[in-house]
Amino acid sequence: MIRINNQDEYQHYYTQALNEPNEFWSEVASSFTWRKPWTSVSTGDFENLDIKWFNGAELNITENCLDRHLKTQPHKTAIIFEPNNPDSATRTFTYKELHTEVCRAANMLKQQNVKKGDVVCFYMSMIPELLIGVLACARIGAVHSVVFGGFSSKALSDRINDCKAKVLITNDSGFRGTKEVLLKNICDKALETSPSISTVIIKKHSGSPVNLKSNRDFWWDELTNKITSSDCLPEVMQAEDPLFILYTSGSTGKPKGLLHTTAGYMVFAQYSFENVFQMKSDNDIFWCTADIGWITGHSYITYGPLLAGVTQVMFEGVPNWPDAGRFWQTIDKHKVTHFYTAPTAIRALEACDINLVKKQNLSSLKVLGSVGEPINVEAWDWYNKNVGHKNCPIVDTWWQTETGGIMISPLAGITNTIPCFAMSPLPGVQLKLMDAQGQVVEENGVEGNLVITAPWPSIARTIYGDHNRYKDVYFSDYKGTYFTGDGAKRDDNGFYRIIGRVDDVMNVSGHRIGTAEVEDALNQHPQVVESAVVGYPHNIKGQGIYAYIICLNKCEGEALKTELLDTVTQQIGAFAKPDKIQVVSGLPKTRSGKIMRRILRKVANNDTSDLGDTSTLLNPEIVEEVMKRNTL
């Protein structure tokens, strides 16, 4: 495994990966446990899309997450489970204990006739059995497909039907603050239209009553209690065997089931985790606040930290219960050193009482991370000052479900950081910016569409069941490249700042303006908690700017509008001033915290006859308020 320790080493490995990619990736992969070595490091390109990494190799990813650590650190804590209620007992698992639980769950799945290649769907809250179950699937060669335990029954059914899952694993219900989510009831509704599921396994968590269907529904604990062996020989997997299917929303059409394969994903997950976060002490403790239902929870909870053999926190709760100090209290309680969360959470907590942060001892922190969307300057500064006390480098990471792992990021303590800049690609990641005419923009100090010009190990191999859609979505815009769908700035020194989805880049009177830039400016106003900006048709400018804002207090009137426009003028320029500003109590967001901009665009365009799929919204009720279009 290559561990980058300073800027000179970064430059060395970046150059090596560019000029000698097979040698570079061979060295990265050298430290893993392989049953059989590869015959080729990589084959395929973005023309034929028959991409393979470490082809010919045989392995099992759980041997690398668990078994190899048993030889050196069996009693090291792998998982610290922090439950929803802070007064409930914390559960911990050593690597040896986690290995035992995974093997028992794997044997349980085999008793339920789950075989290599079968798809197992998970619809659970963030409890240890979710992670254990996912690893158990990987142990026996089953393909896991995790659906976030906040999706509707229809969304769950759609995903089950798309991947033709055989088994569904859930828990009776889950907790999110004071809310109890009746997961099994939602599953029952979903299964009315999902005939492929033959078995449902339920982990008892809340104790709430559930309906059991005879010969279909079984309790997790009753099944595992019948397992006498605490060992399960890992299934030998080919490098390109499927590992998981994970669904992500498309701008149009049904959700896309991204298929990730075994060896390349494994190698990149550990490589990116170790180099971005730079966990160097045996006492370091990692905490990623994501849910395993999203790619962040796959790569940087389920796999990356365990591959690296570190200790991590797994969190069931929400950041604002029992109060908005829960994150900071948990960091203090478990002496977290490396903390990875989303700008949405940072902005929400930024608006709360600062004393909730100050009352906790955050001196254990060494590294802060940001993931999920571009972070704005105000949130970055608040995070840096109040959480990191200006002593913790912030790794502002850019990547996607499709990429499988972090692609652009500072390396903690190695890369000099610039607020809101993802900075530089990891060695082995080759980036270009393209202009609107499809030409590569070579110079610095420019904006363009971000593309990746060569395959990397953890790229999703296809959209499950629809390879033509995979080609059309990612490889048709710029021939021979993977189009990320994001726009980016490259500054005079060659550092990257992600400015949002390309369809979130507005062209106002010939000026290309990133929505994130305008949002960042609006968020500088002391009364603005959060904002979202979209373009809409304008008779003179081509596109005008429509801004939605959430205020700390009741905000209305011309005075506020004037102040907001002045703020944008000061931050960017008069050409970036919003034409319309609407005060709202909330923004439509997916359950992973991303703003559903396509809905906001339709409202701004006065085109609300078909808002598309809103099943992924956390707060669908907010759409009615937004549609009233009451602007300042």
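Where in the chain does Pro322 lie? Pro322 sits in the loop between strand S17 (311-315) and helix H11 (326-334), and the peptide bond leading into this proline from Trp321 is cis, with omega near 5°. Please keep in mind that this is a predicted model. Below is a short tour of its helices, cores and backbone features, with helix H9 (residues 262-277) appearing under several headings.

**Helix H9 and its partner H3**

- H9 is mostly covered, with 16 of its 16 residues buried.
- The length of H9 checks out: at 1.5 Å a residue, its 16 residues should span 22 Å, and the end C-alpha atoms are 23 Å apart, which agrees.
- Helix H3 (residues 61-70) packs against H9 at an angle of about 45°, and the two axes are 9 Å apart.
- H3 and H9 are therefore oblique to each other, since an angle between 35 and 65 degrees is neither roughly parallel nor roughly perpendicular.
- On the H3 side the contact is made by Ile61, Asn64 and Arg68, which meet Thr262, Tyr265, Met266 and Gln270 of H9.
- By type, the residues of this H3 and H9 contact are 3 nonpolar, 3 polar and 1 charged.

**Nonpolar cores**

- The largest nonpolar core has 119 residues, and the members that touch the most others are Trp25, Trp34, Phe54, Leu98, Phe277 and Tyr303.
- H9 gives the most to this core, with 10 residues.
- Once neighbours within four places in sequence are left aside, the contacts of Trp25 include Val41, Trp53 and Phe54, along with Val267, Phe268 and Tyr271.
- Trp25 also reaches Pro427, Gly428 and Pro457.
- A second, separate core has 28 residues, among them Phe327, Val357, Trp380 and Tyr383.

**Helix H4**

- Helix H4 covers residues 95-111, and its 17 residues should span 24 Å at 1.5 Å a residue; the end C-alpha atoms are 24 Å apart, which agrees.
- Buried residues of H4 include Tyr95, Leu98, His99 and Val102, as well as the run from Cys103 and Arg104 through Ala105, Ala106, Asn107, Met108 and Leu109.
- For orientation around any such helix, an α-helix has 3.6 residues a turn, so residues three or four places apart point the same way.
- Just after H4, Asn113 adopts a positive phi of about 70°.

**The H12 and H14 crossing**

- The axes of helix H12 (residues 343-350) and helix H14 (residues 377-387) cross at roughly 75° and come within 10 Å.
- That crossing makes H12 roughly perpendicular to H14.
- From H12, Ile346, Arg347, Leu349 and Glu350 meet Glu378, Ala379, Trp382 and Tyr383 in H14.
- The residues of this contact divide into 5 nonpolar, no polar and 3 charged.

**Backbone features in loops**

- Gln278 has a positive phi of about 55° although it is not a glycine, and this residue comes just after H9.
- Gln278 belongs to the loop between H9 and strand S16 (285-288).
- At 7% relative accessibility, Gln278 counts as buried, because the limit for that label is under 20%.
- Asn606 is another residue other than glycine with a positive phi, here near 55°.
- The loop that holds Asn606 runs between helix H18 (597-604) and helix H19 (622-626).
- With a relative accessible area of 58%, Asn606 is exposed.

Conventions. Residues are numbered from 1 along each chain as its sequence is written. This is a predicted model: local features need pLDDT of at least 70, side-chain atom pairs count only at pLDDT 80 or more; totals for chains, interfaces and linings use all residues. Side-chain values use heavy atoms; hydrogens and water are left out. Helices (H or I, at least four residues) and strands (E, at least two) are DSSP runs, numbered from the N terminus. The expected span of a helix is 1.5 Å times one less than its number of residues. Buried means under 20% relative accessible area, exposed over 50%, partly exposed in between (1.4 Å probe, protein chains only). Axes are lines fitted to C-alpha atoms, for helices over the stretch in contact, and angles run from 0 to 180 degrees between N-to-C directions. Angles under 35 degrees count as roughly parallel, over 145 as roughly antiparallel, 65 to 115 as roughly perpendicular and the rest as oblique. Contact means heavy atoms within 4.5 Å. Ala, Val, Leu, Ile, Met, Phe, Trp, Tyr, Cys and Pro count as nonpolar, Asp, Glu, Lys and Arg as charged, and the others, Gly among them, as polar. A nonpolar core is a set of buried Ala, Val, Leu, Ile, Met, Phe, Trp, Tyr and Cys residues joined through side-chain atoms within 4.5 Å.
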